[in-house]
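Student: Can we go through this one together? I'd like to start with the ring contacts and then move on to the empty space.

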Amino acid sequence: MNSFVPRTAHKTLVVQLQAGGTGRYPVLAHLGYDAADPFAVTAVFSHDGRVLARWRLDREMLAEGLRGPVGVGDVRLSPVSTGVWEELRMEFYGDARSDGGRQHAVVFAWAPALASFLRETREIVPPGQEEVSVDDFLASVIAGG
C-alpha cells in the first residue's frame, strides 16, 4: 500500500463569467491548493490564454458557500439551484472605479465539480489539522511577500 499523500491539488473548470451588465460567457477557472498554505484555494480565471483575475479564497468559506450564503466583503458566495443544475455563485468586488463604484464580477461554477475539488483538498489536509509556521509567515511579511 502506498502511503504517499500528495501535497497539492489542481482542477480546471469551465465557469460562466458575468461582468458589467453583460450576459454570461465561459472562462476557465484554474483552482489550486497547496498544503503549505492549508487555509487557501487559489483561483485564476483566464480566457484565450490571458489571465483575467487571480483570487486567494478561504477553503472553508468555499465549502460553506455550497450550503448557504457567506461573505460580506470583497468575496460573497451563495448556492444557486435551477432545478437539476446546481451552481456556486461567486461575487467578486475589486478596486474603485472613477465613477465611485467598484469593479464587480460574478462567476457561476458547477457546484458538484467544486465540491469534488474541495474533497481532494480535505484528503491532503483534513479540516482542523491545518498547520501554519508562524516563523515562515513572519519572515514572508517582513520580506514583503
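Student: Which residues do ring pairs link into a cluster?

Tutor: F45, W55 and F92 are joined into a cluster by ring pairs. Bear in mind that this is a predicted model.

Student: How many aromatic pairs turn up in the whole structure?

Tutor: The search finds 3 aromatic pairs. One of them is W55 with F92, a tilted pair at 4.8 Å centre to centre with 40 degrees between the planes. W55 sits in strand β4 and F92 in strand β6, so this pair ties together parts that are 37 residues apart in sequence.

Student: W55 and F92, then: buried, partly exposed or exposed?

Tutor: W55 has 22% relative accessibility, so it counts as partly exposed. F92 has 5%, so it counts as buried.

Student: Is there a stacked pair, and if so, what is it made of? Rather: which residues form the stacked one?

Tutor: W85 and W110 form a stacked pair, 5.8 Å centre to centre and with 25 degrees between the planes. W85 is in the loop between β5 (75–81) and β6, while W110 is in strand β7, so that pair ties together parts 25 residues apart in sequence. W85 is partly exposed, with a relative accessible area of 41%. W110 is also partly exposed, with a relative accessible area of 40%.

Student: Back to F45. Where does it lie, and is it buried or exposed?

Tutor: F45 is in strand β3. Its relative accessible area is 5%, so F45 is buried.

Student: What does F45 touch, leaving out residues up to four places away in sequence?

Tutor: With those left out, F45 touches V15, L28, A29, R50, V51, L52, A53, W55, F92 and V107. F45 and W55 are 10 residues apart in sequence, and their C-alpha atoms are 8.5 Å apart in space.

Student: Now the empty space. How many cavities of 30 Å³ or more does the structure hold?

Tutor: The structure holds 1 cavity of that size. About 60 Å³ of space lies in the largest cavity.

Student: Which residues line the largest cavity?

Tutor: The lining consists of L13, V15, A29, L31, A43, F45, L57, L62, M90, A109 and L114. The elements giving two or more residues to that lining are β1, β2 and β3. By class, the lining of the largest cavity has 11 nonpolar residues, no polar ones and no charged ones.

Student: And what is the volume of the largest pocket?

Tutor: The largest pocket has a volume of about 330 Å³. It is lined by 16 residues, and L17, A19, L52, A53 and A105 are the closest to its centre. The elements that contribute two or more residues to this lining are β1, β4 (50–58), β6 and β7.

Student: Which element gives the largest share of the pocket lining, and how does the lining divide by class?

Tutor: The largest share of the lining of the largest pocket, 5 residues, comes from β7. By class, that lining has 10 nonpolar, 4 polar and 2 charged residues.

Student: Switching to helix α2. What length should it span?

Tutor: Helix α2 covers residues 111–124, which is 14 residues, and at 1.5 Å a residue it should span 20 Å. Its end C-alpha atoms are 20 Å apart, so the two agree.

Student: Which residues of α2 are buried, and what covers them?

Tutor: The buried residues of α2 are A111, A113, L114, A115, F117, L118, T121 and I124. Their cover includes β1 (8–19), β2 (25–34), β3 (40–47), α1 (59–65), β6 (86–96) and β7 (102–110).

Student: Since α1 came up, what does G65 touch?

Tutor: G65 is in helix α1. Not counting residues up to four places away in sequence, G65 touches V70, L77, S78, P79 and L88. The C-alpha atoms of G65 and L77 are separated by 5.0 Å, though these residues are 12 apart along the chain. G65 has 0% relative accessibility, so it counts as buried.

Student: Last one, the backbone. What is the phi of D48?

Tutor: D48 has a positive phi of about 55 degrees, although it is not a glycine. D48 lies in the loop between β3 and β4. At 72% relative accessibility, D48 counts as exposed.

Definitions and conventions. Residues are numbered from 1 along each chain as its sequence is written. This is a predicted model: local features need pLDDT of at least 70, side-chain atom pairs count only at pLDDT 80 or more; totals for chains, interfaces and linings use all residues. Side-chain values use heavy atoms; hydrogens and water are left out. Helices (H or I, at least four residues) and strands (E, at least two) are DSSP runs, numbered from the N terminus. The expected span of a helix is 1.5 Å times one less than its number of residues. Buried means under 20% relative accessible area, exposed over 50%, partly exposed in between (1.4 Å probe, protein chains only). Contact means heavy atoms within 4.5 Å. On a 1 Å grid over the protein atoms alone, a cavity is a set of points where a 1.4 Å probe fits but cannot get out, and a pocket is an open set with protein on both sides within 12 Å along at least five of seven lines; lining residues have an atom within 4 Å of a point. Grid points are joined across faces, edges and corners, and a volume is the space filled by probe spheres set on the points. Ala, Val, Leu, Ile, Met, Phe, Trp, Tyr, Cys and Pro count as nonpolar, Asp, Glu, Lys and Arg as charged, and the others, Gly among them, as polar. Rings of Phe, Tyr and Trp (its six-membered ring) pair if their centres lie within 6.5 Å; planes under 30 degrees apart count as stacked, over 60 as edge-to-face and the rest as tilted.
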